[in-house]
Amino acid sequence: MFTLVISSIYGLIALSLMYTIEDNFIERGVLQEAEYLEKGYSATGSWPSPRETSMQLAFSISELPPDIQALATEEPRRKEFFGQNGLHYHLYRFDNFPDTFLVAEVSEQLMVRPIRGGVIQFLIISGVTVTVLACMIAWFIGRRTTRGLNELASAVDGVDVTTLSEQFSSKGLLHHNANNSPNNEVGILAHALEKTLKRIALAMERERSFTRDVSHELRTPLAVIKNTVEVARLNDNNDKELLQRIEHGAEQMERTVETLLMLAREEHCASDNHTVELMPLLEASVIDNRLLLDSKPVEVNIDDSCNIRVLAEPNVLKVILDNLISNAFKYTLEGNVSMTIKDGALRITDTGPGLQQDIAQSVTQRGVKGAQSTGLGFGLSIVNRLCEQQGLALEITSSSGTEVTLHFLR
């Protein structure tokens with residue numbers, strides 16, 4: 001496009017230059033003839049006849065050709081006139097004789113007008129030819145320029161994020177590309193990408209080390225708690241209900257830790273899900289969180305429609321349900337919490353205060369919580385991440401109370 005615009009501009013310049021040269025050539029002939037006539041008048045006292053048959057003297061406006069008289073009167077300084085039937089005139093006014101004119105009919109001397117169509121056609125063909133040539137050169141140069149970018153893109157596209165640190169252990173993933181073009185934009189980009197990917201590799205290694213450490217450090221105390229509870233239950237003097245609560249809590253912690261570690265490692269995806277009974281998971285979540293309803297006039301209803309099988313990973317779904325049901329129990333002071341299946345989706349509704357308007361659209365983001373919340377605002381964020389990983393859809397609406405809808409895979 002740039003070449004085409006430049007070609008058009010130079011074509012117009014060339015055409016204008018041709019007209020200018022033609023006009024200057026005709027004007028010079030008219031001026032020479034006027035000087036000859038003025039010298040003859042000075043020598044003899046009378047005007048000689050013009051030497052050129054295409055020129056004639058006029059001693060008033062009325063003697064001018066009829067088709068240019070009006071324009072000559074309106075524009076006294078105008079030199080060039082277009083007449084009828086393709087005639088073309090150049091008019092010269094003598095400075096010392098205001099009412100005397102030299103009229104030159106120069107249509108036979110015009111060179112550009114007869115060949116204007118051919119000139120324009122030539123300029124168009126030349127412009128198209130130059131444009132095609134420029135495209136070919138641009139393609140050749142662009143291919144050479146982008147070769148390094150294509151190699152760089154191939155190197156980056158083939159990165160295995162699970163082995164980034166190993167790929168940078170020797171010369172570096174992009175070392176070849178970076179060293180082959182160190183003094184141009186591709187080289188600068190290759191060096192920047194190499195540094196960035198090295199930082200990512202180190203960060204991922206730190207994250208893997210952290211998850212391994214968390215897995216090791218948390219599993220041990222949980223196992224100790226469970227074993228201690230089992231031993232204590234054998235003693236008849238202990239409060240078995242209290243120990244049972246501790247055991248349930250430890251089991252819940254164990255499932256939660258396993259699920260969160262799985263989420264951090266991305267070891268499980270929606271394609272690994274299988275069908276599971278929903279009703280037992282709902283009942284287990286209600287029992288595990290029943291202490292949140294102590295001394296509250298709240299009725300919990302699990303509709304028979306929940307007795308279905310859904311496609312999900314049981315431990316992940318249990319963590320999701322624990323978070324959603326615990327929120328409903330925690331913020332409902334009176335009324336009821338109900339769980340039903342409608343259109344294949346689980347709906348958990350409560351008669352609590354509902355969500356604040358200012359956080360209703362961002363309640364699933366990390367760190368967002370209402371004024372009445374006593375937590376850190378991470379619960380629904382974890383639930384949302386788990387749902388995204390499992391291919392589930394989470395929808396939260398609030399008016400008088402809160403309704404959470406969990407859409408399962410089908």
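Begin by selecting glutamate 230, which is partly exposed, with a relative accessible area of 40%. The coordinates belong to a predicted model. Because partly exposed residues fall between the 20% limit for buried and the 50% limit for exposed, the value of 40% places glutamate 230 in that intermediate class. Its host element is helix H6, residues 185-233. Next, add glutamate 247 to the selection and draw a C-alpha to C-alpha distance: glutamate 230 and glutamate 247 are 8.0 Å apart in space and 17 residues apart in sequence.

Now move to helix H9, which covers residues 314-331, and pick aspartate 322 within it. Is aspartate 322 buried or exposed? With a relative accessibility of 6%, aspartate 322 counts as buried, since the limit for that class is under 20%. Extend the selection to alanine 284; its C-alpha atom is separated from that of aspartate 322 by 8.8 Å, although the two residues are 38 positions apart along the chain.

The following stop is strand E4, residues 101-105. Five of its five residues are buried, and the strand is mostly covered. Display the side chains to see both faces: Phe101, Val103 and Glu105 point one way, whereas Leu102 and Ala104 point the other way. Glu105 is thus to be found among the buried residues of E4.

Keep E4 in view and add the strands that pair with it. Strand E1, residues 55-58, pairs with E4 in the antiparallel sense over four bridges. Strand E3, residues 88-93, is also antiparallel to E4, and five bridges join the two. Valine 103 is a convenient residue on which to centre the view: glutamine 56 stands opposite valine 103, and leucine 91 stands opposite valine 103 as well.

Turn next to helix H3, residues 112-157. Where is its kink centred? The centre is threonine 146, and the kink amounts to about 35°. To see which parts of H3 are covered, colour its buried residues: Val112, Val119, Gly127, Thr131, Leu152 and Ala155.

Finally, zoom out to the whole protein chain. Ten helices and eleven strands make up its list of secondary-structure elements. Of its 410 residues, 32% count as buried. A surface display shows about 25000 Å² of exposed area, of which carbon and sulfur atoms supply 57%. Among contacts with a separation of 6 or more, 60% involve residues 24 or more positions apart.

Notes: Residues are numbered from 1 along each chain as its sequence is written. This is a predicted model: local features need pLDDT of at least 70, side-chain atom pairs count only at pLDDT 80 or more; totals for chains, interfaces and linings use all residues. Side-chain values use heavy atoms; hydrogens and water are left out. Buried means under 20% relative accessible area, exposed over 50%, partly exposed in between (1.4 Å probe, protein chains only). Contact means heavy atoms within 4.5 Å. Accessible areas come from the Shrake-Rupley method with a 1.4 Å probe; for residues, only the protein chains shown count as cover. The bend at a residue is the angle between axes fitted to the seven residues ending there and the seven starting there. Two strands pair if DSSP finds at least two bridges between them.
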